Amino acid sequence: MKKKIAIGGDHAGFDYKGKLIENLTAQGYEVKDFGPFSSDSVDYPDYVHPLCQAIESGGFDLGIVICGSGNGVAITANKHQGIRAALCWNEDLAALARQHNDANVIALPARFISYEHAEKLSEIFLTTDFEGGRHQNRVNKIACS
């Protein structure tokens with residue numbers, strides 16, 4: 001069964017988000033768009049917080065957040081205790097985020113990578129499993145609560 005994916009970001013990530021939704025849906029993923037719904041300037045926390053709450057509540061398996069640098073959406077997502085968001089700009093980081101950190105959200109920097117690269121990073125992230133083992137103990141120590 002394909003994973004349920006939550007996706008959102010800001011105006012800088014709007015175009016990539018739309019293309020990723022089409023690509024992921026075509027692959028059989030169930031995808032929910034948390035916005036924004038136009039390229040007009042917006043505040044990314046308005047979209048990232050609801051997306052992360054939906055993942056924390058168990059409604060979605062993984063998330064993709066996209067803004068210009070990827071930093072704003074990653075910082076916002078990581079305010080949630082149940083979220084481990086990883087800013088990724090190359091394939092090794094996307095794989096390691098899942099393998100070693102059990103990241104459940106990938107943050108993509110739309111102004112610094114091509115759409116094709118964003119698609120590849122998302123594919124790697126969504127299809128890579130957490131290795132567990134020695135990494136589980138470290139992941140268990142991340143949350144502040």
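Colleague: In this predicted model, is Asp 33 buried, partly exposed or exposed?

Modeller: The relative accessibility of Asp 33 comes to 26%. Since buried means under 20% and exposed means over 50%, Asp 33 counts as partly exposed.

Colleague: Which residue does the side chain of Asp 33 meet in a salt bridge, and where along the chain does that partner lie?

Modeller: The N to O distance of the pair is 2.8 Å, and a salt bridge requires a side-chain nitrogen of Lys or Arg within 4 Å of a carboxyl oxygen of Asp or Glu. The partner is buried, with a relative accessible area of 2%. The pair links distant parts of the chain, 16 residues apart, with Asp 33 in strand S2 and its partner in helix H1, residues 14–26. The residue that Asp 33 meets is Lys 17.

Colleague: What do S1, H1 and S2 make together?

Modeller: Strands S1 and S2 pair in the parallel sense, over 4 bridges. Within this pairing, Lys 4 has Glu 30 as its bridge partner in S2. Taken with helix H1, the two strands make a right-handed β-α-β unit.

Colleague: Which side chain meets that of Glu 30 in a salt bridge?

Modeller: The contact runs from N to O over 3.9 Å, which falls within the 4 Å that the rule allows. Glu 30 lies in strand S2 (residues 30–33) and the other residue in strand S1 (residues 4–9), so the pair ties together parts that are 26 residues apart in sequence. Glu 30 counts as partly exposed at 46% relative accessibility, and its partner, at 28%, counts as partly exposed. The side chain in question is that of Lys 4.

Colleague: Which residues are linked with Arg 98 in a network of salt bridges?

Modeller: The side chain of Arg 98 meets that of Asp 102 in a salt bridge with an N to O distance of 3.1 Å, and Arg 98 is buried, with a relative accessible area of 8%. The network links Arg 98 with Arg 84 and Asp 102.

Colleague: How many salt bridges does the count come to?

Modeller: Among them are the pair of Asp 33 and Lys 17 and the pair of Glu 30 and Lys 4. The count comes to 4 salt bridges.

Colleague: How many disulfides does the count come to?

Modeller: A disulfide needs two cysteine sulfur atoms within 2.5 Å, whereas for Cys 52 the nearest cysteine sulfur, that of Cys 67, is 12 Å away. Cys 52 is buried, with a relative accessible area of 0%, and Cys 67 is buried, with 3%. The count of disulfides is 0.

How values were computed:
Residues numbered from 1 in each chain as written. Predicted model: local features only at pLDDT ≥ 70, side-chain atom pairs only at ≥ 80, totals over all residues. Heavy atoms only, no water. Buried < 20%, exposed > 50% of the residue type's maximum accessible area, 1.4 Å probe, protein only. Pairing = 2+ DSSP bridges. Right-handed = clockwise from strand over helix to strand, strands pointing away.
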